[in-house]
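Trainee: I'd like to learn how to read a fold from the model on my screen. Could you walk me through it?

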Amino acid sequence: MERRSFLQTLILVAASLGLSPGWLAGQAERYGQALAAGSRKLALLIGINRYPGEGSALQGCVTDLELQRELLLNRFGFDPAEILTLTDGAATPSGIQAAFAEHLGGSSQAAETVVVQFSGYGQWRAGSAPGQWQPVLLLSGSEGMAAMELDSFFRLLEGLGTAQITTLLDCGFTHISPSVRGNLQLRSRPPAGKGAGSAASDSSELQRVWPSPPKGLLIAATTPQDLAAEAAWPGFYAGVLTYLLTQYLWESTPATRLLVAFNQVASRRELGLFACQRPILEGKETARRIPPYFLTPPQVAVSGVIQEVKGNRAQVWLGGIPPAALGGLQPGTLLAPLSTASSVPLLIRSRSGLLAQVQPANGEGQFPPVGTLVREQLRSLSSSLKLLVGLEDNLGRVEKVDLTNAIAGHSWMETANPRERQVDCLLGRITPEMAAAFQADALPKPLEVNGYSLFWPGRELLLNSCGPAGEAAATAVQRLVPRLAHLLAAKRLRTTLNAAISPLAVVGELSTRSKAPLRGSRLAQGAAAEPGILRFMRGDLLHLTLRNEGEQDLFGYLLMVDSSGQLHLLAPVPQEDFALPLRLEAKGSLTLPPLPEVAGESRSAVNPDLLTCHAQGLTELLFVASTRPLSASLEALKAMVRQQGITRSPMLLSKPLEWTQMLLEELTRRPPEGDPDLRWLDPSQAVTLSLTYLLV
């Protein structure tokens, strides 16, 4: 029975039986959910890396389509024939119009659920009215670059025969030079048309006319006035929004609503490091009620899927592993197939980007079929993972050589080209333009022009890292070595992020009495009132509640990476003499800092503003826990306290590399054979959770 006929019959039956409208609404919603699970689904994915003519080529738009396609096929039940991709030269205005007519709207059986994605350049162009500018999507054309007005694109969506449409725009429209910023490349071009020169020099002069959003749901990489970018990830390029969204949806569970998923993605550290990109979601009330793409994914969090089998090797797509963890993932990782066909784990032999080559861990036996979902069983990590430092373009050739040689003197870090590899930070000079821009952010003191400084990969300043003008390259590196050690210590800890797949089931929640909570990645219910990273005032009484929903007591540490990139210990606190690591009892919870009404005398020395007493900027909390007491790392903390005379939290780690190395050895175990540098992380024995927020 067609949906419309069913609903008409349901209305007549309800009326004849005298049933309430509430009963009818409930039945209709349940029917809609059941229909979505088995309804016809269609997707149109458009991505352009190579544009006609001159200009910087994009590198991640076609990868966006691969990310989305694998997700739709293996997580949301799409058939390969239901997904049409248009890439590069095929993505012309006429090609897109034909795809809407023939693929999305030309079938005798209309689709119930539609997903449309565009990844490429956007641009502001002069409109028909004087002084007005309109957004356009840049496409391929027969003789050069073509454009489609965003309003026209939205009208194509309006013409589809369903309202269950999810539209993703992974592009920007506002452009500010330079287009390449460390690991990031902007997905926007300068304004074009009459008056474009003056408009490009001052984007505030643009009188932007933004079209009304189409029906269904619209997820855009950024606001009309902000920037959007693609980034270098571990071995591949992809749009920041597309990668973070698809990765999260591999991990999420059916209880997740789209608004929850969007809030989780918008609050990720990777987006916080590029503060100019602010994703938007149109249709929040609908998104509050429905799952992503109007469809319900499988019940378990997964790490990827078997994509291909050839002889004694198979290829696995690792779309579900968090970006920070993927960067540290090493050969030797074991993946468990989520099927009854095979219980033999798969051993990763090599990895290139998101693709891993695997074989049965016992060296024999058959592979599960293509399409079998897999989840990490044991993650192989390197105990000698290095920090990658990118050198900014504003450096001269000689000083790049000097900086490279100085950095090479430390075995735990090396330089890398940020246009070719994902780097952990940038090292460059403060230009006059940077000094003016950063000073507008109310920094505690003016920046010295031409001083060496550290930046995050998106060219956001690392607070208090700028040196004096005229400083020698080798001297600058030596000055920054302690800061760089903190960055590497935090990087190594992030390789253990596994809250979505760990059965230890820890949930973290940040809250104040005036803010909605920001929840950890394992929590599927609820959503913050405003999307994006939560913002708190410096000195706010902010509290973190940790809940252990598992059956085992956990022992761990609460750590903080502040806006300067330095790693601090928050709990346990020095004034408790480090008798035990932080203990989180099974089915129990604790709040840090303790609420005033429950804080005892032994807790009275804990800063009430423990989570907000540092400088303004991006803040990350890491809760690292194990089922085993962490005795060695605890003894090392006691030694630090005695040497430094520390009496209060937060406690800046004086030897971050040595201490985190000790902690990682306690969280992991050595494989029975293979590279002695590798360690196995067992998600049933250790869990790491990350939450981020901004202090303003």
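Mentor: We'll start with the whole chain and then go through a helix, a hairpin and two sheets.

Mentor: Keep in mind that this is a predicted model.

Trainee: Got it. How many helices and strands does the protein chain have?

Mentor: Count 16 helices and 37 strands. Of the 696 residues in the protein chain, 57% are buried. The chain exposes about 28,000 Å², and carbon and sulfur atoms supply 51% of that area. Then look at contacts with a separation of 6 or more: residues 24 or more positions apart account for 74% of them.

Trainee: On to a helix. What span does helix 14 reach from its first C-alpha to its last?

Mentor: With a helix, you can set its span against what you'd expect at 1.5 Å a residue. Helix 14, residues 473–494, has 22 residues and reaches 30 Å, close to the expected 32 Å.

Trainee: And where does helix 14 bend?

Mentor: At valine 481, by about 50°. Within four residues of that point comes a proline, proline 482.

Trainee: Is helix 14 enclosed or open?

Mentor: Here, buried means under 20% relative accessible area. In helix 14, 17 of the 22 residues are buried, so the helix is largely enclosed by the rest of the structure.

Trainee: Now strands. Which strands does strand 17 pair with, and in what sense?

Mentor: A general idea to carry along: in a regular strand, the side chains alternate between the two faces of the sheet. Strand 17 (residues 313–317) runs antiparallel to strand 16 (residues 304–310), joined by 5 bridges. Another 4 bridges join strand 17 to strand 20 (residues 355–360), again antiparallel. To find the pairings on screen, look for valine 309 opposite alanine 314, and tryptophan 317 opposite leucine 355.

Trainee: What sits between strand 16 and strand 17?

Mentor: They form a hairpin with 2 residues between the strands, and glycine 311 in that hairpin takes a positive phi near 60°. As for burial, 4 of the 5 residues of strand 17 are buried, so this strand is largely enclosed too.

Trainee: How do I read a whole sheet? In what order do the strands come in the open sheet of 6 strands?

Mentor: Read across the sheet, partner by partner: 2-1-3-7-12-15, with mixed pairing. Strand 2 (83–87) and strand 15 (280–282) are the edge strands, each pairing on one side only. The twist averages 10° from one strand to the next. Within this sheet, strand 1 (residues 41–47) and strand 3 (residues 113–119) are parallel over 7 bridges, and leucine 44 has valine 116 as its bridge partner in strand 3.

Trainee: Which strands does helix 3 lie across there?

Mentor: Strand 1, strand 2, strand 3 and strand 7, at about 165° to strand 1. Helix 7 packs on the sheet as well, touching strand 3, strand 7 and strand 12, and its direction makes about 135° with that of strand 7.

Trainee: What is the strand order in the open sheet of 4 strands?

Mentor: That one runs 8-9-13-14, with antiparallel pairing. Strand 8 (180–181) and strand 14 (236–239) each have a single partner strand, so one side of each lacks a neighbour in the sheet. Inside, strand 9 and strand 13 pair over 3 bridges, with leucine 184 opposite alanine 231. Helix 3 (residues 61–75) turns up here too, lying across strand 13 and strand 14 at about 80° to strand 14. Helix 7 (residues 240–251) lies across strand 9, strand 13 and strand 14, at about 95° to strand 14.

Conventions
Residues numbered from 1 in each chain as written. Predicted model: local features only at pLDDT ≥ 70, side-chain atom pairs only at ≥ 80, totals over all residues. Heavy atoms only, no water. Buried < 20%, exposed > 50% of the residue type's maximum accessible area, 1.4 Å probe, protein only. Contact = heavy atoms within 4.5 Å. Areas by Shrake-Rupley, 256 points an atom, 1.4 Å probe, with all protein chains shown as cover. Expected span 1.5 Å × (residues − 1). Bend = angle between axes of the 7 residues up to and from the residue. Pairing = 2+ DSSP bridges. Axes fitted to C-alpha atoms, helices over the stretch in contact; angles between N-to-C directions.
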